[in-house]
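Please study the model shown here and work through the exercises that follow. Each task is paired with a solution in steps.

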Number of protein chains: 2
Amino acid sequence: MDEKRNLELQELDYETLQEQRTDELSELLESREMKKLQLKMEELNEFDVAEFLTEIRDKRMPMVFRLLSKEKAAEVFSHLEPPEQERIINSITDSELAGIVEEMYVDDAVDMMEELPANVVKRVMRTATPETRAIINQYLHYPENSAGSIMTSEFVDLKKYMSVKESFARIRRIGEDKETIYVCFVTDAARKLEGVVTVKDLLLADPDTEVGELMDRNVVFATTTEDQESVSEKISDYDLLAIPVVDKEGRLVGLVTVDDIIDVMEQETTEDIEKMAGMMPSDKPYSRTGILEIWKNRVPWLLFLMISATFTSVILTHFEDMLAVQAALVAFIPMLMGTGGNSGAQASTAVIRSLSLGDTEPKDVLPVMWKELRVAFLCGLTLSAVNFVKMLLLDGMLLGNDEITIAVAATVSISILFIVMFAKVVGSMLPIAAEKIGVDPAVMANPLISTLTDAVSLLIYIHIARIILHI
Amino acid sequence: MDEKRNLELQELDYETLQEQRTDELSELLESREMKKLQLKMEELNEFDVAEFLTEIRDKRMPMVFRLLSKEKAAEVFSHLEPPEQERIINSITDSELAGIVEEMYVDDAVDMMEELPANVVKRVMRTATPETRAIINQYLHYPENSAGSIMTSEFVDLKKYMSVKESFARIRRIGEDKETIYVCFVTDAARKLEGVVTVKDLLLADPDTEVGELMDRNVVFATTTEDQESVSEKISDYDLLAIPVVDKEGRLVGLVTVDDIIDVMEQETTEDIEKMAGMMPSDKPYSRTGILEIWKNRVPWLLFLMISATFTSVILTHFEDMLAVQAALVAFIPMLMGTGGNSGAQASTAVIRSLSLGDTEPKDVLPVMWKELRVAFLCGLTLSAVNFVKMLLLDGMLLGNDEITIAVAATVSISILFIVMFAKVVGSMLPIAAEKIGVDPAVMANPLISTLTDAVSLLIYIHIARIILHI
């Protein structure tokens, strides 16, 4: 057996191994060898079992789930998506459900509650023990996306006067169900956080040393109402495995582990990306968001931007007669607006991302402007030169548009330079301004910048046309 | 002292505490109390010390750095950005430099080498011991962004026949300098990976149990040439603290820890966001990227999109005469193109993000299309209705544009419906098509979709105008 596995390791990557295992499970299910299926699932990682269950689309799924042992069942359940969780809840008994909820980490249970339909939540709460119900209720009351809402209360706490030996005894006694045992928190009699000690510190120390001597008093901590994004930054900056969460009185109430933070980072990034594309952020994955909800997230910005485009219409109407004299000019309006929008979006995206990573700060407004001015000049000059040649050769000679004179090509090309410079400076400054007044810079992205640059690009173009073409 | 700290904890959050500490350090520096400064810095977290050093902009910075103990110096150094690292390297002796490099984790040293200028790298390599130099060279040869390039070789390896007691003895002996001791890998005589055992398993087991009985044979592993994004997905999916990296022969060569993966996630997200805004991805933060490099990253897409806009110009030129008959129509072209671009960008952004999170897969092409069609119909209908009323009331009556007849308003409004439907379907389908043919879906975002929808929006508008206005 070992020989065979080594041979496999030698030739395969993990993905292929995992696929083989899932295929094996599917075959066992098809041939109804339930006993073997049960044994195989017990051996596998809970994430792989969850993936396998998700792939069983018919009503055998809850049945297969019920083959799992109590501990495995809770772990696998935490890895399932809400629709699968719901299907399972609807087909197991109250006592099975209670068993799973008791075995789950509180933060996973709370996550689940936040996503399940109300009637399912009611049933889950009814079957839970009063203690679990009380804890879950408490967690559900922390503000959404706060440290309190993502923390877990399953931590190991030690006292200053404990020896290393006593600490290990305590970890062995209570460690089994804790989300992490590697970071232990030291609290005083009033449960106030005094320090942190890692299992590494304990392992490398003499068994008789007291925790008080080993612990680091300089604890990086979060407060229950702190935003999850700030918690995630601390874990990432300080390379922590877990961060303690304290209440207003400085009492230790929970911890957030690094794996929770990975989910938070994905969620926050999705929100940023959605805002940058002119959507309201949604808290559900795309595949599980309904039509009406998507419509509600998308239509407000579309409406706002559509109505804002009235400026551009008014400008165009105002200069209608002038543009009629040089009809060739109209054909390049979309290209100029597009170039302005794209240039601005590049600058705003770069600055928004840099702000969100803490690489740029609002006080860097002048260096950023100076940088973007120079980049814009280079980009504008390149585009301008290429466009001049392109208009004369491609539009003028190849496509045979005899309205394209050197003066018209010059008008469009010079406009490009100014439009790119305007768009890049505005695109880089608006996010910084937003951050300064406490608005999320992500909303200053592409859609808003384009609408703004559309109108200004047009004005630049018309004024340059007046100067060069004397119209 | 303890009383005071508790009092602080009671009233303050971590940010305020940290600021106070940094202020204290600055005051000590200003009053040249170097001995006190040294002691204070030793107490602080290495990330906070690095932040403090970064804020000293003058030549005292390297001097303050030299106050740190050897171990602290290496840790702080890993947390500094390349410009600060370079300043320090240029002002310390060869033996000090050698000391730091020996103390650093290999992955941090390799990260640093990849970012420093060639002459500085040369000096670092010259001062390192031959062994360190050999390891760093080996790591620098792994493909960029591969598991090999981000792993570290500082892991704890155990053997199957070791008892728990012996394992702890080994961890105590070699654990001090390891990046993690909590996940230990079990290898055979040929260094092939056989299993994984955690310190938690070891702590909760009987001291005489053999590692072979405790270890999990189902190891989730990565290979040296595997892309870092896939490594990061495994760590996140399986909630791992560390993942072993094996070579082609299945031999254990390193491990990647969860804190490395957080940096990878940030970097990959930045790349995605940059691609979505029509930029080449850069591997340096915005604040440290030079003008010419930014220009090189931005100008290719701008050029490509500018030249692609020729389609729109040609269409406009072709229908010049027709548009001249109904001059009012021209004023709404930018709004229609903007609405098409924004609608398409919303759909493409949602699908790109969903693909990148593994929530949508290329095989979901039909459900996605059906979903976007319905969303597009709802959004299109809303915009269309609002626009009809807006054109008659705002543009027609309030702004007194008497060219806006009911027929013109109807033409624009009906066009909106079709444009939004086209944009959303194309916006959602292009990323899936890209993923299918192995191109990064992120490049199918906003800029490309807008250019495409610009041309099609115009054609839709012109054809609807012909039907309704009989021109």
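**Exercise 1: The interface**

In this predicted model, 111 residues of chain B are in contact with 112 residues of chain A. Determine which element gives the most to the side of chain B that touches chain A, and how the residues of that side divide by character.

Solution.
1. Helix H21 (residues 333-356) of chain B gives the most, contributing 14 residues.
2. The side of chain B that touches chain A comprises 56 nonpolar, 30 polar and 25 charged residues.

**Exercise 2: The symmetry**

State what relation links chain B to chain A, and why the copies meet through the same surface.

Solution.
1. Chain B is superposed on chain A by a rotation of 180° with 0.0 Å of shift along the axis, at an RMSD of 0.1 Å.
2. Such an operation is the relation of a two-fold axis.
3. Of the interface residues of chain B, 100% are also interface residues in chain A, so the copies meet through the same surface.

**Exercise 3: A helix pair**

Describe how helix H21 (residues 333-356) of chain A and helix H24 (residues 446-469) of chain B cross.

Solution.
1. The two axes come within 11 Å and cross at roughly 170°.
2. Angles over 145 degrees count as roughly antiparallel, so H21(A) is roughly antiparallel to H24(B).
3. The crossing of H21(A) past H24(B) is right-handed.
4. H21(A) makes the contact through Pro334(A), Gly338(A), Asn342(A) and Ala345(A); H24(B) uses Asn446(B), Pro447(B), Ser450(B), Thr451(B) and Asp454(B).
5. Three residues of this contact are nonpolar, five are polar and one is charged.

Conventions. Residues numbered from 1 in each chain as written. Chains lettered and ligands numbered in written order. Predicted model: local features only at pLDDT ≥ 70, side-chain atom pairs only at ≥ 80, totals over all residues. Contact = placed C-beta atoms within 7 Å. Helix = DSSP H or I, 4+ residues; strand = E, 2+ residues; numbered from the N terminus. Nonpolar A, V, L, I, M, F, W, Y, C, P; charged D, E, K, R; others polar. Least-squares fit on C-alpha atoms with pLDDT ≥ 70 in both. Axes fitted to C-alpha atoms, helices over the stretch in contact; angles between N-to-C directions. Parallel < 35°, antiparallel > 145°, perpendicular 65-115°, else oblique. Left-handed = near helix turned anticlockwise from the far one by under 90°.
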